[in-house]
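Welcome, and please open your viewer with a cartoon representation switched on. Keep the selection box handy, as each stop gives you something to pick.

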Amino acid sequence: MGCTSSMYKNARKKKKKNIPQVTIFVPPLRVPVLSDDVNKMLRGLVPKALVDRISSLRNQIAFVAQDTGGTAVQELQGALEDYLPLIVGLTKRENGVQELVEFKWKNIEDGRHEVCAKDSWFELLSVVHMMATLTFSEANSKLISKDPTSDRVVASDSMSAAVDLLLKASGYLEFCIRDVLVHIPADIKRKMPKDLQEDVIGAISIQALAQGTEMQLGLAVESKKATLPVKRRLACEQLSYLGQAHFSLSKCINNGNENKQLLFIKWKYLEAKAAAYYYNGLIVDKGTNPSCHTTAVCCFLAAEELLTESKKACLNFCLAAPITRTPPLWGAMKHLNKKIPETAFKKSQMYGYLLDQEKGLHGVPELPEFELSLKPEEYELPETNEAWDREKWEIPGQTLKEHLIDSEDEMESD
C-alpha cells in the first residue's frame with residue numbers, strides 16, 4: 001500500500017493544458033495501472049481463460065483511461081461493467097484468491113502517485129468509485145454548452161438527464177460505504193487516499209443530491225405551474241443537503257482536492273441560501289400586515305448580500321488547484337442573478353420607511369426546514385461471472401506453495 005511509481009526519466013513536450021468548466025463537481029478520476037500481477041499471481045490457481053479475461057479487461061480500462069484522459073466515458077463504463085462480475089468472483093472467500101493480487105491505481109491528474117493493496121475488495125471499491133466519477137463527468141457534460149461564445153441555455157431534457165445521472169452516481173457511492181468499505185481491513189483503509197475515505201465518499205454522495213435538487217429548482221423556475229412554495233422548498237432542500245455534505249467533508253479536510261470540493265460546497269451553499277431567502281421573501285410579502293413587508297425586505301436584502309458573496313466564492317473555487325473555468329450563468333441562478341437585485345431595490349424603495357420606523361427590530365427570519373426528497377438510486381452488484389463456477393474448472397495440478405515459489409522466482413528474474 002502507498003507505493004510510488006518512478007518519475008519519467010525522459011522529458012516530454014508540454015501539452016496545452018485544457019482548463020475544464022465545472023457545473024457538476026467531478027471527483028478526481030482514479031484509474032488502474034497497467035500491470036501483469038493478475039497473470040503472475042493467479043496462474044495455476046484459476047483457469048487460464050479466466051485469468052486472461054481479468055487481466056485483459058483491467059489493462060484495457062487502464063489504457064483507454066490513460067489514452068483519453070478519462071473522456072471516453074461510454075467506452076470506459078462498458079468495460080467496467082464487463083470487468084465487475086469478474087472482480088466479484090475474486091472477493092469470494094471460497095475461491096481462495098481474495099488477497100493474492102496486488103492491485104495498483106493512480107490519480108489520472110498527477111499520473112505519478114500510485115496506491116496499491118493486496119485486497120480484492122479494494123479493487124472492487126476502486127472500480128465502483130471510478131464508475132461514479134465517470135457518471136459525474138457525464139452529468140457535467142450534459143450541462144455544458146458546446147459553443148462557449150453563445151448565451152448559456154440548458155435544455156430541460158439535459159437537466160432531467162443530469163438529475164438521473166446524479167442519483168445514479170450517489171447510489172454507487174452509497175453502495176461503496178454500505179457494502180464495500182466494511183470488508184476492507186483497517187490497516188488498508190488507513191493507507192487509502194483521502195478521496196476513498198468514508199467521509200469524503202459520503203460528502204460527494206450527499207453533494208450529488210444537492211446538485212440534483214439544484215437541477216429541479218432550475219426546472220421549476222422554467223415551469224409556469226411551479227408555485228413559490230415549491231421553489232422555496234427546493235432551495236431549502238438544496239441548502240440542507242449542502243450543509244450535510246459540508247459537515248461530512250469538514251471532518252477530514254486537508255489541502256488538495258478535498259479543499260476544492262469544500263470551496264465548491266460553500267459556493268453552492270451561498271447560492272442556495274440566496275434563492276431560499278428570495279422565495280421566502282416573495283411568500284411573506286403576500287401578507288397584508290406591515291410587518292410582513294418589512295420581513296420580506298429583510299429577506300430580499302439578505303438574498304442580495306448572499307448572492308454577492310456567492311460570486312466571490314465561485315471565483316475562489318475556480319482559482320483553487322486544479323484551476324477551472326468560471327461557468328456562465330444557467331438554470332435558476334441565471335434568473336435569480338437578475339431578479340434578486342431588482343426585487344431588493346424595488347421593495348426597499350417601497351417599504352424602507354417601515355424598516356426605519358422599526359429601527360432594526362426586524363431581523364432576517366429563520367428559513368423553514370423540509371423533509372428531503374431526493375434519495376440515491378439503489379445499486380446492487382451484478383452476479384458473479386459464470387467463469388467462476390469451480391465445478392467446471394480444469395487446472396493443471398500445482399500446489400499453492402509451488403505456485404507462490406514460481407511467482408517469487410519470476411519477480412526475482414524481473
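This tour goes from the sheet to the helices packed on it, and then on to pairs of helices. Keep in mind throughout that the model is predicted.

**Stop 1: the sheet**

Select residues 30-32 for strand 1 and 114-117 for strand 3, then add residues 103-107 for strand 2. You now have an open sheet of 3 strands in the order 1-2-3, and the pairing is antiparallel. Which strands stand at the edges? Strand 1 and strand 3 do; each has a single partner strand, so one side of each is left without a neighbour in the sheet. Look along the sheet and you can follow the twist, which averages 30° from one strand to the next.

Now zoom in on strand 2 and strand 3. These two run antiparallel, and 4 bridges join them. For a landmark, pick Lys 104 and look across to strand 3, where Cys 116 stands opposite.

**Stop 2: helices on the sheet**

Keep the sheet visible and bring in helix 2, residues 48-68. Helix 2 packs on the sheet and touches strand 1 and strand 2, with its direction at about 135° to that of strand 1. Next, add residues 120-142, which form helix 4. Helix 4 also packs on the sheet, touching strand 1, strand 2 and strand 3. The direction of helix 4 makes about 35° with that of strand 2.

**Stop 3: Asn 59**

Stay with helix 2 and show Asn 59, which is found there, as sticks. Which residues does Asn 59 contact, leaving aside its neighbours within four places in sequence? They are Leu 34 and Ser 35. Asn 59 and Ser 35 are 24 residues apart along the chain, yet their C-alpha atoms are separated by 7.1 Å. Draw a distance from the side chain of Asn 59 to the backbone nitrogen of Ser 35 and you should read 3.3 Å.

**Stop 4: helix 3 against helix 4**

Return to helix 4 and add helix 3, residues 73-91. Their axes come within 10 Å and cross at roughly 160°. That crossing angle makes helix 3 roughly antiparallel to helix 4, and the crossing is left-handed.

Turn on side chains at the contact. From helix 3, the residues to show include Leu 76, Leu 80, Tyr 83, Leu 84 and Ile 87; among those they meet in helix 4 are Trp 121, Leu 124, Val 127, Met 131 and Leu 134. Colour the whole contact by class and you will find 14 nonpolar, 6 polar and 3 charged residues.

**Stop 5: helices 5, 7 and 8**

Select helix 5, residues 156-180, together with helix 7, residues 198-222. The axes of helix 5 and helix 7 come within 9 Å and cross at roughly 160°, so the two helices are roughly antiparallel to each other. The crossing is left-handed. The residues of this contact divide into 13 nonpolar, 8 polar and 3 charged.

Keep helix 7 on screen, and swap helix 5 for helix 8, residues 228-250. How do the axes of helix 7 and helix 8 cross? They cross at roughly 165° and come within 8 Å. Helix 7 and helix 8 are therefore roughly antiparallel to each other, with a left-handed crossing. Colour this last contact by class and you get 14 nonpolar, 7 polar and 4 charged residues.

Methods: Residues are numbered from 1 along each chain as its sequence is written. This is a predicted model: local features need pLDDT of at least 70, side-chain atom pairs count only at pLDDT 80 or more; totals for chains, interfaces and linings use all residues. Side-chain values use heavy atoms; hydrogens and water are left out. Axes are lines fitted to C-alpha atoms, for helices over the stretch in contact, and angles run from 0 to 180 degrees between N-to-C directions. Angles under 35 degrees count as roughly parallel, over 145 as roughly antiparallel, 65 to 115 as roughly perpendicular and the rest as oblique. A crossing is left-handed if the near helix is turned anticlockwise from the far one by less than a right angle, and right-handed if clockwise. Ala, Val, Leu, Ile, Met, Phe, Trp, Tyr, Cys and Pro count as nonpolar, Asp, Glu, Lys and Arg as charged, and the others, Gly among them, as polar. Contact means heavy atoms within 4.5 Å. A polar contact is a pair of N or O atoms within 3.5 Å; within protein, one must be able to donate a hydrogen and the other to accept it, and residues adjacent in sequence count only if both atoms are side-chain atoms. Two strands pair if DSSP finds at least two bridges between them.
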